[in-house]
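Let's take a walk through a protein together, starting from one residue and working outwards. Have the sequence and the 3D view ready as you read.

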Amino acid sequence: MGLPFSSFNFKTLLFLMLLYAAPALAELTDVSYNDVLSHPSPYIPAQCYTDPKISETSIANPCYACHTPSKRPNVLNDTDVQLVYGFPDSVLQNPWTNLFKDRRAAIASIKDQDILEYVRQNNYIDNQGEITLAKRLHQNAKQYDTNGNNQWDGYVPDSYFNFDHEGFDHTPDGRYTGWRSYAYYPLPGSFMPTNGSTDDVSIRLAPAFQQNAQGQFDLAIYKLNLAIVEAMILEQDIAIELTDEQALGVDLDKDGKLTQASIVKYDWAPLEKRFMSYVGNAKQQLEAGKVHLAAKLFPEGTEFLHSVRYLDISPNGQVAMAPRMKELRYARKTNWLNYYQWEVLVSAETKERHDFPGRTKKIRGSAEEGVGVSQGWVYQGFIEDRQGQLRPQTYQEQVTCTGCHSGIGVMMDTNISFYRKLPHSSFQQGWYHWGQKSMVGLPEPKRQSDNEYEYSYYLKNNPTGDEFRSNHEVQQRFFDPQGHPKEAVFEQLHQDISVLMLPSAKRALALNKAYKLVVDEQSFILGKAPLLAPLDKVLFKQILVNQQTGIKEPLSAF
């Protein structure tokens, strides 16, 4: 494994206890900040109720993109989910009823210009350059206060989305906020813009990682620590600016000398006495045991900020990221689990599923402070209200985050995007926001296991390019009426992923309208996927116990 096992301790036991502690269930009929659920399984995504059967002789497999043989220390290896609907007995009925609703007439009634005007409004930064949501949380704290202390105790948004040539965010007066945006290859499926939304992600390390040994902010130190974290997550060498190792007291390039380094060399195998280190104040905290370092794990205090946005149409007719946010999602690592504790979590859940097949997960947390996952992270979200302003998500709305961010094989320390960050050969070494450079012209990545093109492999196993088997525009773009691949279009995809990622302007407008209807209803807990037609023939309304999916051979996402 690369990390010595530790004994089972009280902290591990506490995590397991928290995993099964949650509020009681109650009916939730409108936006309510009571920490209750209307059904017991919002952590099971609507996509997991899809019937992958295309015909008597053809089966799609969108499932492998999430449910896959995993990488250490995530030992979930949930390929069984590709083969069987292994739902708890109590959640066999599909609760995502919005996906069966026919909105075609309502979508057609919305004018193109009206939806464009709507998505081009910025609902995050106001005309004075201030963060609208932060002001709202302060002014309406009592409305969102669920713990009764008359204040807002959750995350207060503090990124201005004002990114420089290295991807760092700045306040209006020029100060660094600590947030750094990175570009990444979207996970195949729902996160591709052709399926409804654009998005972006920023990372921020804890203050100690931004400081030199004297505790002062130091941009060079911060960039080095980010490079070290990147090396640990990717388990790869990372290029850096020429750096004086003697001043840092760290052999970054692992050549056995403290000289000048131009790379962070990945060389971490504690059982073989090969260690790595952070720099600056974080180095001191690592040595004191206050923070930790291990492959595929982020250090304590790491934060992620993820905005999900509408689709805009540029003057040249190309689809782009809209100013308006659908959601703002936040994550913070609060606790460290070593490799052994990760194994204990998976073993405990496996035993729970076996011993109590009808029992659902109980998620700790609240609307105000977010929801926790057993791997040591807190997730919190904000979403549009009926007026289009961002509001805190309810407890139930936030619980939907925990399925993908705690229980799938493809995640790395509950995160899905950072290990997909663009390589250092990319624009600004991959540290940039999509608003600075679009994904047009990005070459298609290849899979690690077989060197096949990643998105091409996905399409050949799932021709519509979405988990709901409903994106017929993608299917028609890449396959002929007989289902044969259009090789010329796949060749274009190899050179430019936007051939797949970006929908037509017509489809983008319709997707915006479909989602706006859900916003008007505030019916997110019934399903928020922007669908252009009901999925009666694609989604199961009822699943049988241990029903087979029809997929015979599981695939790997890697």
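Asn 225 is buried in this predicted model, and its relative accessible area is 0%. Buried here means under 20% relative accessible area, so Asn 225 meets that cut-off. To find Asn 225, look in helix α7, which runs over residues 219-234. What does Asn 225 touch, once its neighbours within four places in sequence are left aside? Its contacts are Leu 205, Phe 209, Tyr 278, Val 279 and Ala 282.

Now move to another asparagine, Asn 195. Asn 195 sits in a loop, the one that links β5 (176-182) to β6 (198-204). Is Asn 195 buried or exposed? With a relative accessibility of 11%, Asn 195 counts as buried. Try tracing the chain from Asn 195 to Met 501: they are 306 residues apart in sequence, yet their C-alpha atoms are 8.4 Å apart in space. Beyond its neighbours within four places in sequence, Asn 195 is in contact with several residues, among them Gly 189, Ser 190, Asp 466, Arg 507 and Pro 530.

Next, let's look at a helix that has two sides. Helix α5 covers residues 132-139, and its buried residues are Leu 133, Ala 134 and Leu 137. These three cover an arc of only 105° around the axis, which puts them on the same side of α5. The general rule behind this is that an α-helix has 3.6 residues a turn, so residues three or four places apart point the same way. On the other side of α5 you will find His 138 and Gln 139, which are exposed. What covers the buried residues of α5? The cover includes α6 (141-144) together with the strands β10 (319-333), β13 (377-384) and β14 (390-392).

Finally, step back and view the whole chain. Its secondary structure comes to 17 helices and 15 strands. The radius of gyration is 23 Å, close to the 24 Å that the globule rule gives for 558 residues, so the chain is as compact as a globular protein of that length. Along its principal axes, the C-alpha trace spans about 65 × 60 × 55 Å. Of the 558 residues, 57% count as buried, and both Asn 225 and Asn 195 belong to that group. Contacts also reach across the sequence: among those between residues at least 6 apart, 71% join residues at least 24 apart. As for the outside, the accessible surface comes to about 23,200 Å², and 52% of it belongs to carbon and sulfur atoms.

Key
Residues numbered from 1 in each chain as written. Predicted model: local features only at pLDDT ≥ 70, side-chain atom pairs only at ≥ 80, totals over all residues. Heavy atoms only, no water. Helix = DSSP H or I, 4+ residues; strand = E, 2+ residues; numbered from the N terminus. Rg over C-alpha atoms; globule rule 2.2 N^0.38 Å. Buried < 20%, exposed > 50% of the residue type's maximum accessible area, 1.4 Å probe, protein only. Contact = heavy atoms within 4.5 Å. Areas by Shrake-Rupley, 256 points an atom, 1.4 Å probe, with all protein chains shown as cover. Arc of directions from axis to C-beta.
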